[in-house]
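Please look over the sequence and the model below before reading on. The notes that follow take up nonpolar side chains, first at the surface and then in the interior.

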Amino acid sequence: MEPIAVMTLFLGLFVVVSRGALLVAPAASIQAFRMLLERPSWLRLMGALFFLLGLGFVQTAPAVPQHPVASPALTALGWALLAGAALLLIWPRGYQLLAKLVIDALADGSVLRVIGALGVLVGLGFVWLAITLN
C-alpha cells in the first residue's frame, strides 16, 4: 500500500470514529469533547498527533503524479493540519475558548447528529480515496 494511501486511510478512519460518535450518542460525545478540552496537555498531545499527520501528508502527497487533483488537495490538507497543530501546540487556551463557544452553540442533539452524519460521509470519502490511491 502506498504511503499516501495509508495516511488517507488513517485520516478517514479517524474522522469516521470521531464523528460517528456524534451520530450515535451526541450527548456522551459532547461530554467527552468537553473533558478533552479541560486539560491543555491533552490538547497539546492532540496537536502533536495532528502535526505528525500533517507532516505525513506534506511529505507523501506531492509524490502521487497519477492523481493530479488528489495530490495538491492532500498537500493543502497537510498544510492546514500543520497550521491547526501549531495553534494547538503554541496556544491551547485559545483553542479551548473557541471550541467551548462552538460546542455551546451546537448543543442541540439533532444538529449534532447531522454534523455526525456529514462527518461520517466525509470520512468514508477519505477511505474511498485511500482505496483508489493504492
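A residue is called buried under 20% relative accessible area, exposed over 50%, and partly exposed in between, with a 1.4 Å probe and protein chains only. This is a predicted model, in which local features need pLDDT of at least 70 and side-chain atom pairs count only at pLDDT 80 or more, while totals for chains, interfaces and linings use all residues. Residues are numbered from 1 along each chain as its sequence is written, and side-chain values use heavy atoms, leaving out hydrogens and water.

**Surface**

- Because its relative accessibility is 53%, Leu52 counts as exposed, and this residue lies in helix 3.
- Leu52 belongs to a nonpolar surface patch of about 890 Å², whose members also include Phe51, Leu87 and Trp91; such patches join nonpolar side chains (Val, Leu, Ile, Met, Phe, Trp, Tyr) within 5 Å, taking residues with over 30% relative accessible area and no salt bridge.
- Two or more patch residues come from each of helix 3 (40-60) and helix 4 (70-90), and helix 3 gives the most, with five residues.

**Interior**

- The largest nonpolar core (buried Ala, Val, Leu, Ile, Met, Phe, Trp, Tyr and Cys residues joined through side-chain atoms within 4.5 Å) has 15 residues, and those touching the most other members include Ile4, Leu11 and Phe57.
- At least two residues of this core are supplied by each of helix 1 (3-24), helix 3, helix 4 and helix 6 (109-133), with helix 1 giving the most, five residues.
- Leaving aside residues up to four places away in sequence, Leu11 touches Leu53, Phe57, Leu77 and Phe126, where contact means heavy atoms within 4.5 Å.
- A second, separate core has nine residues, among them Leu22, Leu43, Met46 and Leu112.

Definitions and conventions:
Patch = residues over 30% accessible without salt bridge, like charges linked within 9 Å, V, L, I, M, F, W, Y side chains within 5 Å. Areas by Shrake-Rupley, 256 points an atom, 1.4 Å probe, with all protein chains shown as cover. Salt bridge = Lys/Arg side-chain N within 4 Å of Asp/Glu carboxyl O. Helix = DSSP H or I, 4+ residues; strand = E, 2+ residues; numbered from the N terminus.
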